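This report goes through one molecular structure step by step. Keep the picture at hand while reading.

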There are 2 protein chains.
Amino acid sequence: MTLSPTARSTLRRLPDRARTDRAELYAVLDEALICHFAVVLDGAPRVMPTGFGRDRDTLYLHGSSGATSLRAAAGAPICVTVTLLDGVVYARSVFHHSMNYRSAMVHGRARPVVEEQERLHALRVIVEHLAPGSWTHARHPTRKELAATAVLALDLAEASVKVRTGPPKDDEPDVQAGGRWAGVLPVRSGFGPAVPCPLLRSDATLPEHVAGRGAACT
Amino acid sequence: MTLSPTARSTLRRLPDRARTDRAELYAVLDEALICHFAVVLDGAPRVMPTGFGRDRDTLYLHGSSGATSLRAAAGAPICVTVTLLDGVVYARSVFHHSMNYRSAMVHGRARPVVEEQERLHALRVIVEHLAPGSWTHARHPTRKELAATAVLALDLAEASVKVRTGPPKDDEPDVQAGGRWAGVLPVRSGFGPAVPCPLLRSDATLPEHVAGRGAACT
């Protein structure tokens, strides 16, 4: 299944970096821990980092029900961008310096999620994205906690995926000239060893859903 | 020197996470490799990941002079957000799950940089931010390359910094109840071993400005 292009989800710059397979959109969204979410407030854009989750073709966002940006986003056009930085590209010329990355950009109107079952489902999706296993392990939200939480849904209907991989693309004369190093410095990320809460009982053991998440940089 | 708060750069949600020292703004901006930059296009926001650089209280962005978003941004209100993700916070309740992070948000009108000396200076600042040492090592831009590049400047006048650190903040009854693990899984990032361009001569040595950038995850 492919991404359905619209004017704003069709890459005009460097179209060879565009990916049109929906599976690639899912892969980028599912690997990232956070997204950057933008809304227009008083005519100016505002970008915030936030957690999110995906269920099939719906992306869920949440936050405090008192947050200005979430209130403004309800029913309004928003943009959600997810970026995975894979490397710094050193070229022979300053001009061809670049980055290797995978990014997804989603456009649409944010739908406030108000029905209780969908709200709970959305929160589960968001928590399981950030901390897989936590929905089973941790205490579920109370009515009061639910009331304090705003949930938004965004259809993954209008989206683009952009990917750059590989070595620098230098001009031929610069390659021939030699004398300048070129290549890629990969960017790696991963998890360090878990740090237990100081208020935990001293005999508390690290559960598998946290321990198994991987302690090394990948 | 402190950040000068305006209505939109004053944190209303969780104000205890706000930092008001300008040095903290610089620290967040200087550590991040990319920013997320937003502009309003046809009434809807658009967020893009991009490289950037900082010189004192000016943030520089650049891109292709043909890029729609950069053209739209010239003279228009933009927002630039930089986020460093430090950890996943596992709480005893789903509600108190969180992330440790440092983020900076800058608001303002983007000023197109047109004067040749400032354009060159801005490009040097951006390249040295992404790849320190490359401005000296790599070939400088030609007139044609400069003409193909748009440069924007954003004053760091209206900015906010938000930081979350430390363990989860669970409710006392959940702490007392015990039985559920809580703590932080730190997120680490760093550079992997450099990958030389396949077109390099086989006797090319890795220069110190790349080799010395650190190969291990931090």
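## The axis and the two copies

The model described here is predicted. In chain B, the residue that comes closest to the rotation axis is Ser189(B), whose C-alpha lies 2.0 Å from the axis. That axis comes from laying one chain on the other: a turn of 180 degrees, with a shift of 0.0 Å along the axis, places chain B on chain A with an RMSD of 0.0 Å. The two copies are therefore related as by a two-fold rotation axis.

Through which surface do the copies meet? Of the interface residues of chain B, 100% are also interface residues in chain A, so the copies meet through the same surface.

## Chain A as a whole

Chain A has seven helices and twelve strands. Its C-alpha trace spans about 70 × 50 × 35 Å along the principal axes.

Chain A has 218 residues, and 52% of them count as buried. Among the contacts in chain A with a separation of 6 or more, 72% are between residues 24 or more positions apart.

## Helix H1 of chain A

Helix H1 of chain A covers residues 22-31, and its buried residues are Arg22(A), Leu25(A), Val28(A) and Leu29(A). Looking down the axis of H1(A), these buried residues fall within an arc of 125 degrees, so they line one face of the helix.

What covers the buried residues of H1(A)? The cover includes five strands of chain A, namely S4 (53-55), S5 (58-64), S6 (77-90), S7 (98-109) and S10 (158-164), together with helix H3 (116-130). The N-terminal end of H1(A) is capped by Asp21(A), which has a side-chain oxygen 2.8 Å from the backbone nitrogen of Ala23(A).

## Aromatic pairs

A pair of aromatic rings is described by two values, the distance of the centres and the angle of the planes. Over all chains, the structure holds two aromatic pairs. One of them is formed by Tyr90(A) and Trp181(A), with 6.0 Å from centre to centre and 65 degrees between the planes, and is edge-to-face. Tyr90(A) lies in strand S6 of chain A, while Trp181(A) lies in the loop between helix H6 (172-177) and strand S11 (183-191), so the pair ties together parts that are 91 residues apart in sequence. Tyr90(A) is buried, at a relative accessible area of 1%, and Trp181(A) is buried as well, at 4%.

In chain B, the ring centres of Tyr90(B) and Trp181(B) are 6.0 Å apart and the planes stand at 70 degrees; the pair is edge-to-face because an angle over 60 degrees counts as such. This pair also links distant parts of its chain, 91 residues apart: Tyr90(B) is in strand S6 (residues 77-90), and Trp181(B) is in the loop between helix H6 (172-177) and strand S11 (183-191). Tyr90(B) counts as buried at 1% relative accessibility, and Trp181(B) is buried at 5%.

## Cysteines

How many disulfides are there over all chains? The count is zero. Cys35(B), for example, is in no disulfide: the nearest cysteine sulfur belongs to Cys79(B) and is 9.9 Å away. A disulfide needs two cysteine sulfur atoms within 2.5 Å, so the sulfurs of Cys35(B) and Cys79(B) do not qualify.

Are Cys35(B) and Cys197(B) buried or exposed? Cys35(B) is buried, with a relative accessible area of 0%. Cys197(B) also counts as buried, at 3% relative accessibility.

Terms used
Residues are numbered from 1 along each chain as its sequence is written. Chains are lettered from A and ligands numbered from 1 in the order in which they are written. This is a predicted model: local features need pLDDT of at least 70, side-chain atom pairs count only at pLDDT 80 or more; totals for chains, interfaces and linings use all residues. Side-chain values use heavy atoms; hydrogens and water are left out. Buried means under 20% relative accessible area, exposed over 50%, partly exposed in between (1.4 Å probe, protein chains only). Copies are superposed by least squares on the C-alpha atoms of residues with pLDDT of at least 70 in both. Contact means heavy atoms within 4.5 Å. Helices (H or I, at least four residues) and strands (E, at least two) are DSSP runs, numbered from the N terminus. The arc is that of the directions from the helix axis to the C-beta atoms. A polar contact is a pair of N or O atoms within 3.5 Å; within protein, one must be able to donate a hydrogen and the other to accept it, and residues adjacent in sequence count only if both atoms are side-chain atoms. Rings of Phe, Tyr and Trp (its six-membered ring) pair if their centres lie within 6.5 Å; planes under 30 degrees apart count as stacked, over 60 as edge-to-face and the rest as tilted.
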